[in-house]
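Hello,

I hope your week is going well. Here is the structure I promised to pass on, and below it you will find my notes.

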Amino acid sequence: MGGRPNRRAVGALATLAGLALVGVAASGPVSDALRRAGTRRRSMHLRFSFVVPQPTSSVFRFCSDFENVPGLVHAVREVRDFGDGRSHWVAAGSGGRTVEWDAVTTKFVPYRVIAWQSTSDSAIRTSCMIRFGPERSGGTCVRVAIDYTSPTDRIKDAVAALSSRRRTRQIEADIRRLGERIDAVPAMPVANS
């Protein structure tokens, strides 16, 4: 035991200690980069349009009632519309968790456009605009623009976001089924203006 130290063991210990020091020094920049990458992965910018074989009045009426959204988009669990331009949203998050945020209506032009965005104090940053246009066939062209970001400060959430599949395609597919959801909704007459 009192013999000369093994040079290989000393070299391995020195290498291990050096790597540990580099790891500690780089942990700030590495964890920051991981958090930024996770936040980018949790972002969604979705733009698409489609035609619903329903009159604009029916499509607009269905879409302007935010409490219909959970029956359309699987990721949204609940929407409480307070009737004054404010609403509270609950959606499925990663790992079975739920995320909640408040939103305000930013634009409402009957039979033309509805837009809303999350409030400044919400953990989720989201905005949505839906434009409606009558088609010659009697249907409605629906143009959707959604931006969503779920920022994270936790390394665990960032890693989960990097390893999970994006939901963009599922959300778009859900919204495109709008025509199926409102088949039973009778058309409302459009007021002359």
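**Helices and the sheet**

In this predicted model, helix α2 (residues 56-64) lies across β1, β2, β4 (98-109), β5 (113-118), β6 (125-134) and β7 (140-149), and α2 runs at about 165 degrees to β6. Helix α5 (residues 168-176) also packs on the sheet, where α5 touches β1 and β7. The direction of α5 makes about 25 degrees with that of β1.

The sheet itself is open and built from 7 strands, in the order β1-β7-β6-β5-β4-β3-β2, with antiparallel pairing. At its edges stand β1 (44-52) and β2 (76-81); each has a single partner strand, so one side of each is left without a neighbour in the sheet. On average, neighbouring strands are turned by 20 degrees against each other, direction ignored.

If you would like to look at one edge in detail, try β2: it pairs with β3 (residues 86-92) in the antiparallel sense over 5 bridges. There you will see glutamate 78 opposite valine 90 of β3.

**Cysteines**

How many disulfides does the model have? The count comes to 0. For cysteine 63, the closest cysteine sulfur belongs to cysteine 128 and lies 9.0 Å away, which is too far for a bond because a disulfide needs the two sulfur atoms within 2.5 Å. Cysteine 63 counts as buried, at 11% relative accessibility, and cysteine 141 counts as buried too, at 8%.

Happy to talk it through whenever suits you.

Best wishes

Terms used: Residues are numbered from 1 along each chain as its sequence is written. This is a predicted model: local features need pLDDT of at least 70, side-chain atom pairs count only at pLDDT 80 or more; totals for chains, interfaces and linings use all residues. Side-chain values use heavy atoms; hydrogens and water are left out. Buried means under 20% relative accessible area, exposed over 50%, partly exposed in between (1.4 Å probe, protein chains only). Two strands pair if DSSP finds at least two bridges between them. Helices (H or I, at least four residues) and strands (E, at least two) are DSSP runs, numbered from the N terminus. Axes are lines fitted to C-alpha atoms, for helices over the stretch in contact, and angles run from 0 to 180 degrees between N-to-C directions. Contact means heavy atoms within 4.5 Å.
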